[in-house]
Every structure is written in C-alpha cells, then in structure tokens.
Amino acid sequence: MAPPRDDTPLAERVEELLAAGGPLPLVAAGRPVLRRATVPYDGQLGPALLARFVEALRVTMHAAPGVGLAAPQVGVELRIAVIEDPAPVPQEVALVRGRVPQPFRVLVNPVYEPVGTARAAFFEGCLSVPGWQAVVARHAEVRLRGADEHGRALDEVFTGWPARIVQHETDHLDGTLYLDRAELRSLSTDEAVAALWAQPAPQAAAEALGFELP
Ligand code: ZN
C-alpha cells in the first residue's frame, strides 16, 4: 500500500519548512517526491513566501555546494528551480566543457527543447545522489521557456555547461534524475572521479570503463 500523500496545503508546508531558517535538508534518491511530476507554480505561495522560499533554495544550493537546486530536492513538489555557477575550474576545463559563469537565476515553470542535434557528454552529479557521478550525454544547446520569480517571461537559449544545468534541474521537475539518462557503466564515486577522471573530457573514462560517447 502506498503511504498517504501529505494533504497539508503547500503554503503551510513551505512555511513550516522555512521556520527553522538556514539551509534546508536535502531529499535523497529513493524519496517519491523526486520521482513525481511537479505542480506548475501559479501563485500557491504568494509573493512574500515565494521570495523567502527562493532565498532558502539559494542558501541551500550555496551550502551544499551545488550549481542548481530544484524544489523537489527540498521536498516541495512545485515547478521551481534555482541555478548559479561561479565556474571555479581551470581554464582548460572551462573551455572544453563550456563552463562559463552563470549568474543566479530563478526558473519558474521551465521547459526546454533541444536546439540542433549536437550532444555533449561529461561527468555530472546530483545533490540528491551524494557521492556519485556519471557521464550524461545531453543536448549541447537548449531553448528554455518559463518565467522568473517576478512572473516575467523567460525565453532563452543556453549553451555549454549552463545548458547542462538547466536540463538537469528541469528534469528534476519532471521526476527525472540524471541517472535515468546516464551511461551507467561510467558510474563513479566522487573519489574515483577526482583520482582518475578529472580530465576535461571523459574519453579516457569511456575507454577504461567501457561506455560509448556521442
Ligand atoms: Zn540534481
């Protein structure tokens, strides 16, 4: 029998979640909230509570630390995510991965579609799957549509690492984890990635671990 769903109104639950202050507890893989589709945001929290929730997401993402965080990762089934990447990597890595700095952004009701057919494959990880990374071939360029936290329309093309981040976070809002799209033979602990697969691109890992690259 499935456990009962929490019927407490969303705003009330978010208020409770924020009451403690500071970074929010992260939800790890295995929790159903990470596997359900989210509810489009249509004002359920009101402007003041939304602003507080977004700030809590930002604080939590920084504390983790991570470059993106989706509402389900703190147990809230709303179609909202935040991204920010100061891109503190060596220049060679930044060039190969297209890892340019991404300022803080709030994505409300985002959806993406590929632009062109190019794909890029790199190791990535997820705050909800701590300790592990795997290679994911993703669209090299995507068009992202939605809104920001003030309701202003968002329609923008993302490339390089920011394209990877927005795909990863938007996927969370559809109940998809990066592992669903990963080359499972590339699955590596953080320690193994640091020791063996820190190269800018995963060619050596593909050869040694036996997986295909696009
Ligand atoms: Zn994630």
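**View 1. Strands E5 and E8 run antiparallel and are joined by four bridges.** This is a predicted model, in which local features need pLDDT of at least 70, side-chain atom pairs count only at pLDDT 80 or more, and totals for chains, interfaces and linings use all residues. Residues are numbered from 1 along each chain as its sequence is written, and side-chain values use heavy atoms, with hydrogens and water left out. Across the E5–E8 pairing, Gln 133 sits opposite Ser 188 in E8. Helices (H or I, at least four residues) and strands (E, at least two) are DSSP runs, numbered from the N terminus. Two strands pair if DSSP finds at least two bridges between them.

**View 2. Step back a little and you get an open sheet of three strands, in the order E4-E5-E8 with antiparallel pairing.** E4 and E8 (182–189) stand at the edges with a single partner strand each, so one side of each has no neighbour in the sheet. On average, neighbouring strands here are turned by 30 degrees against each other, direction ignored. Helix H4 lies across E4 and E5, running at about 65 degrees to E4. For these angles, axes are lines fitted to C-alpha atoms (for helices, over the stretch in contact), and angles run from 0 to 180 degrees between N-to-C directions.

**View 3. Here's the zinc ion, with Cys 126 (SG), His 168 (NE2) and His 172 (NE2) as its protein donors.** They lie 2.0 to 2.3 Å from the ion, and their spacing in sequence is C-x41-H-x3-H. Cys 126 comes from the loop between E4 (119–125) and E5 (132–139), while His 168 belongs to H4 (residues 160–172), so to speak a link between distant parts of the chain, 42 residues apart. Donors are N, O and S atoms within 2.8 Å of the metal (3.2 Å for Na, K and Ca); water is not among the atoms, so sites may look incomplete. Cys 126 is buried, with a relative accessible area of 8%, and His 168 is buried, at 8% too. Buried means under 20% relative accessible area, exposed over 50%, and partly exposed in between (1.4 Å probe, protein chains only).

**View 4. Next up are Glu 169 and Thr 170, found in helix H4.** UniProt lists Glu 169 under "active site" in an unreviewed entry; UniProt positions follow the numbering used here, feature names are shortened, and annotations may be inferred rather than shown by experiment. Glu 169 counts as buried at 4% relative accessibility, and its contacts (heavy atoms within 4.5 Å) include Gly 68, Gln 73 and Ile 83. Thr 170 is buried as well, at 1%, and touches residues including Arg 79, Tyr 112 and Leu 144.

**View 5. Helix H1 (residues 10–19) has Leu 10, Arg 13, Val 14 and Leu 18 buried.** Seen down the axis of H1, these fall within an arc of 135 degrees, so they line one face of the helix. The arc is that of the directions from the helix axis to the C-beta atoms. That buried set packs against helix H2 (46–63), whereas Glu 16 and Ala 19, on the other side of H1, are exposed. Just after H1, Gly 21 takes a positive phi of about 75 degrees.

**View 6. Last stop is Val 39, in the loop between H1 and H2.** Val 39 is partly exposed, with a relative accessible area of 35%. Among the residues that Val 39 touches are Gln 44 and Glu 77.

Conventions: Lists of a residue's contacts leave out its neighbours within four places in sequence.
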